Amino acid sequence: MDEKIDKKLFIQTLGCQMNDTDSQHIIAELKQHKNYTTTDNIEDADLIIINTCSVREKPVSKLFSEIGQFNVKKKEGAKIGVCGCTASHLGKDIMKRAPYVDFVLGARNISKIKDVVDTKGAVEIDIDYDDSTYQFASTSTSLYKTSVNISVGCDKECTYCIVPATRGDEISIPPEMIIEQVKKDVARGAKEVTLLGQNVNSYGRRFSDKREKTTFTKLLQEVSKIDGLERIRFTSPHPLHMDDEFIEEFAKNPKISKCIHMPLQSGSTQILKAMRRGYTKEWFLNRAKKIREMVPDVRITTDIIVAFPGETEEDFEDTIDVIKQVKFDQIFNFKYSPRPNTAALELKDLEIADEIGSARLTEVIELHKVHQTELMESNIGNTVTVLFDNLRPNGEVSGYTDNFCQVFVKGSDELLGKFIDVKVTSATRTALKGEVVK
Ligand code: 5AD
Ligand code: SF4
């Protein structure tokens, strides 16, 4: 009976885009099966969920103070659930530290949300997988953009990274399930899809059944055949798997957005080896050069970790050198953070003093600001094509160019969902402003 009553869900999402998509699945499943609708007001909520990230230590330590706050603010009888990577990693220990938590649901167990939500004390964190665990009720987020997971887990063994321990072995989702999902979203009005995975371009090596292997390049070709789909994005690819075939498809397929994430992590071959990234400084530079040659207006983004254990001044200079040579459009910077269940913990004796880590981080940030300003200002006076997707309360409409640069213009909802030419009139480090070309 209780299931007929409309209930409110407050959900907070931390971490990566895969978590965003998982949260959308949670919302859709709880709506379809349990009549939940979302609320931004925690005090109204019957169910409070935090979808967590464990990649760095800070978000994990913040988790307990955050759920403590939820427990104070929640209305009587409201439940609290902890989902995502920290749920996978800490499991029932979360309830030991915070006994008011009602259920814990791992990153790989999201499809069980409808089962655990009414079971006080439920903990679902095992990392088994079959394709049925990846079927969800339809989401109803942004009309023009959608995202679809193409694989779960990660088979790499980057020595700093907790993800393989929380999300498990890498398994690709069958191409026909991906295509069906994208077609459904396109029928709802989506024009752009983002294909998501921890390591998207190693797609197709292992499925849950005994089917033939395939490649990410082939998947891109299949997805781009979908009528009505106009733009394909993907994240995160691994520089090691950026072979010529992949780069050529990226360059010549007009539906593929010309923005690519190339997570460098370090510019030093020595440190890359200690990180077990599988490539050298030269390989990375060679791939970036080939991409720039084949796609002159490409935007390249990256992730950098400074102060990995044993990183010398010389190693750090190699990172600075790669940044200077590639000139990234966006850098996500991190100071190394030791994580449980990772091989880098064995390098404890080589850990770098925090002040040195902070100084290196600042150097990367300052250098990047110079590049960002230069790269963004080079757009002024150009005409760019924008898919508008967001009407803002101040009378502006925003969207993204094909190479994923955010653009703002004055305008109305008439622009939404359309590809429109815009003349760029000004630039900040993170966005462009312009006027619609009549
Ligand atoms: N310390 C710092 N940064 C990390 N990342 C992953 N693990 C760690 C860690 N232990 C960063 C990497 C990765 C991004 C998602 O998070 O740069 O690409
Ligand atoms: Fe972590 Fe490396 Fe896998 Fe990325 S590729 S999720 S950094 S182990």
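Helices and strands here are DSSP runs, counted from the N terminus, with at least four residues for a helix and at least two for a strand. Keep in mind that this is a predicted model.

With that in hand, let's start with the backbone oddities. Arg 276 sits in the loop between H10 and H11, and its phi is positive, about 55°, although it is not a glycine. Gln 265 does a similar thing in the loop between E12 and helix H10 (269–274): its phi is positive at about 70°, and it isn't a glycine either. Here are the two side by side.

| Residue | Phi | Relative accessible area | Class |
|---|---|---|---|
| Gln 265 | about 70° | 7% | buried |
| Arg 276 | about 55° | 46% | partly exposed |

Buried means under 20% relative accessible area, and partly exposed runs from there up to 50%, so Gln 265 and Arg 276 end up in separate classes. There's also a cis peptide bond, between Thr 235 and Ser 236, with omega about -5°. Ser 236 belongs to the loop between E11 and H9.

Now for the inside. The largest nonpolar core has 54 residues, and Ile 178, Leu 195, Phe 216, Phe 234, Ile 260 and Phe 328 have the most contacts inside it. Both domain 2 (140–257) and domain 3 (262–375) contribute residues, so this core lies between them. Another core, of 17 residues, lies apart from it and includes Phe 10, Ile 42, Ala 45 and Ile 67.

Take Phe 328 as a closer look. Beyond its neighbours within four places in sequence, its contacts include Leu 264, Phe 284, Ile 300, Val 322 and Leu 375, along with His 368 and His 371.

Helix H9 (residues 244–252) is worth a stop too. Its buried residues are Phe 246, Ile 247, Glu 249, Phe 250 and Ala 251. They pack against two helices, H8 (216–223) and H11 (281–294), and two strands, E11 (231–235) and E12 (259–261).

Over in helix H3 (residues 85–90) you'll find Ser 88, which is buried at 14% relative accessible area. Its side chain reaches the backbone nitrogen of Ala 107 at 2.9 Å. Neighbours within four places in sequence aside, Ser 88 also touches Gly 106, Ile 125 and Thr 166.

Finally, ligand 2. Among the residues around it are Cys 154, Cys 158 and Cys 161, plus Lys 156, Tyr 160, His 238 and Arg 277. The shell divides into 6 nonpolar, 2 polar and 2 charged residues.

Key:
Residues numbered from 1 in each chain as written. Chains lettered and ligands numbered in written order. Predicted model: local features only at pLDDT ≥ 70, side-chain atom pairs only at ≥ 80, totals over all residues. Heavy atoms only, no water. Core = buried A, V, L, I, M, F, W, Y, C linked by side-chain atoms within 4.5 Å. Buried < 20%, exposed > 50% of the residue type's maximum accessible area, 1.4 Å probe, protein only. Domains from an automatic or database assignment. Contact = heavy atoms within 4.5 Å. Near = heavy atom within 4 Å. Nonpolar A, V, L, I, M, F, W, Y, C, P; charged D, E, K, R; others polar. Polar contact = N/O pair within 3.5 Å; in protein donor to acceptor, adjacent residues only side chain to side chain.
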